[in-house]
Amino acid sequence: MTDTPEQKTAPAATRKAGNVWAELGPTLVFVLIYNVLLRFPEGDGLLTKDTALYWATGALIVMTIGVIAQKLVKKERIPPFLIVSSVLIGTFGTIGIVLQSKTFLFIKPTIINLLFAGVIFGGLAVGRNVWKMFNGMVRPVSS
C-alpha cells in the first residue's frame, strides 16, 4: 500500500508543531508561574508577590535547559536563536536571582531584542534574509 501525500506530511507537521510548543513552553511556564504568584500576598516569605519574578525566571531557566537537553537527546539541530537566548536567559537570570536584583531580569529581554534587531537590520544592509537563516529555514549558500 502506498502512502498518500497527506500521510507523508502529517508526521513532519506534527514534529514542527511539537518544536513550536517545546520552544514556547518555557515562556508559557514563566507567564503562568508569574501570574499565579502575583495572586499571593505581599510581604516576607518564599512565595509572595515580591518573589514572583524570581520564581518565574528560575522556572524559565530550568525549562530552557530542558528544551536544549530534549533536542540533544533526540539528536536534533539546536537553532542558533535558542542557543543565544538560552545563554542570555541563563546568565542574566542567574545573576538577577543570586543578587536579588530585578534590574538584571529587566535588562535581559532588552539585550535579546537589541541583539536580534541588530542581526536583522545587519542582514538587510548586506541583502540577506538573516532571520530565515537564523531560524534554520534557509541553509546558507556554500561556495
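**Exercise 1. Is Phe104 buried, partly exposed or exposed, judged by its relative accessibility?**

Solution. The model examined here is a predicted one.

Step 1. Locate the residue: Phe104 belongs to helix α4.

Step 2. Read its accessibility, which is 26% in relative terms. The class of partly exposed residues lies between the limits of 20% and 50%, so Phe104 counts as partly exposed.

Step 3. List its neighbours. Leaving aside residues up to four places away in sequence, Phe104 touches Phe92, Ile95, Gly96 and Leu99.

Step 4. Add a distance. Phe104 and Thr91 are 13 residues apart along the chain, and their C-alpha atoms are separated by 9.3 Å.

**Exercise 2. Describe the overall make-up of the protein.**

Solution.

Step 1. Count the secondary structure elements: the protein has five helices and zero strands. Along the sequence, the pattern reads α-α-α-α-α.

Step 2. Consider burial. Of the 143 residues in the protein, 26% are buried.

Step 3. Consider the surface. The accessible surface amounts to about 9900 Å², and carbon and sulfur atoms account for 69% of that area.

Step 4. Consider the contacts. Taking those between residues at least 6 apart in sequence, 50% join residues at least 24 apart.

**Exercise 3. Determine how helices α3 and α4 are arranged, and which residues form their contact.**

Solution.

Step 1. Identify the elements and their geometry. Helix α3 covers residues 80–99 and helix α4 covers residues 102–126; the two pack at an angle of about 160°, with axes 8 Å apart.

Step 2. Classify the angle. Angles over 145 degrees count as roughly antiparallel, and α3 is therefore roughly antiparallel to α4.

Step 3. Assign the handedness: the crossing of α3 past α4 is right-handed.

Step 4. Name the participants. From α3 come Phe81, Val84, Ser85, Leu88, Ile89, Phe92, Gly93, Ile95, Gly96 and Leu99; from α4 come Phe104, Leu105, Ile107, Lys108, Ile111, Ile112, Leu115 and Phe116.

Step 5. Sort them by class. The contact of α3 with α4 contains 14 nonpolar residues, three polar residues and one charged residue.

Step 6. Examine one participant. Phe81 lies in helix α3 and is partly exposed, at 29% relative accessibility. Phe81 and Ile112 are separated by 31 residues in sequence and by 9.8 Å in space, C-alpha to C-alpha.

**Exercise 4. Analyse the contact of helix α2 with α3.**

Solution.

Step 1. Establish the geometry. Helix α2 spans residues 52–73, and its axis comes within 10 Å of that of α3, with a crossing at roughly 150°.

Step 2. Assign the handedness: α2 passes α3 in a left-handed crossing.

Step 3. Name the residues. On the α2 side are Tyr54, Thr57, Gly58, Leu60, Ile61, Thr64, Val67, Ile68 and Lys71, which meet Leu82, Ser86, Ile89, Gly90, Gly93, Thr94, Gly96 and Ile97 of α3.

Step 4. Sort them by class. The contact of α2 with α3 comprises eight nonpolar residues, eight polar residues and one charged residue.

**Exercise 5. Analyse the contact of helix α2 with α4.**

Solution.

Step 1. Establish the geometry: α2 and α4 pack at about 50°, and their axes are 11 Å apart.

Step 2. Classify the angle. Angles under 35 degrees count as roughly parallel, and 65 to 115 as roughly perpendicular; α2 is therefore oblique to α4.

Step 3. Assign the handedness: α2 and α4 cross in a left-handed manner.

Step 4. Name the residues. Leu53, Tyr54, Thr57 and Leu60 of α2 meet Lys102, Leu105, Phe106 and Lys108 of α4.

Step 5. Sort them by class. The contact of α2 with α4 holds five nonpolar residues, one polar residue and two charged residues.

**Exercise 6. Examine the backbone and surroundings of Lys75 and Gln100.**

Solution.

Step 1. Begin with Lys75. Although Lys75 is not a glycine, its phi is positive, at about 60°.

Step 2. Place Lys75 in the fold: the residue sits in the loop between α2 and α3. Lys75 is exposed, at a relative accessible area of 75%.

Step 3. Turn to Gln100. This residue, also other than glycine, has a positive phi near 50°.

Step 4. Place Gln100 in the fold: its position is in the loop between α3 and α4. With a relative accessibility of 48%, Gln100 counts as partly exposed.

Conventions
Residues numbered from 1 in each chain as written. Predicted model: local features only at pLDDT ≥ 70, side-chain atom pairs only at ≥ 80, totals over all residues. Heavy atoms only, no water. Axes fitted to C-alpha atoms, helices over the stretch in contact; angles between N-to-C directions. Helix = DSSP H or I, 4+ residues; strand = E, 2+ residues; numbered from the N terminus. Left-handed = near helix turned anticlockwise from the far one by under 90°. Contact = heavy atoms within 4.5 Å. Nonpolar A, V, L, I, M, F, W, Y, C, P; charged D, E, K, R; others polar. Buried < 20%, exposed > 50% of the residue type's maximum accessible area, 1.4 Å probe, protein only. Areas by Shrake-Rupley, 256 points an atom, 1.4 Å probe, with all protein chains shown as cover.
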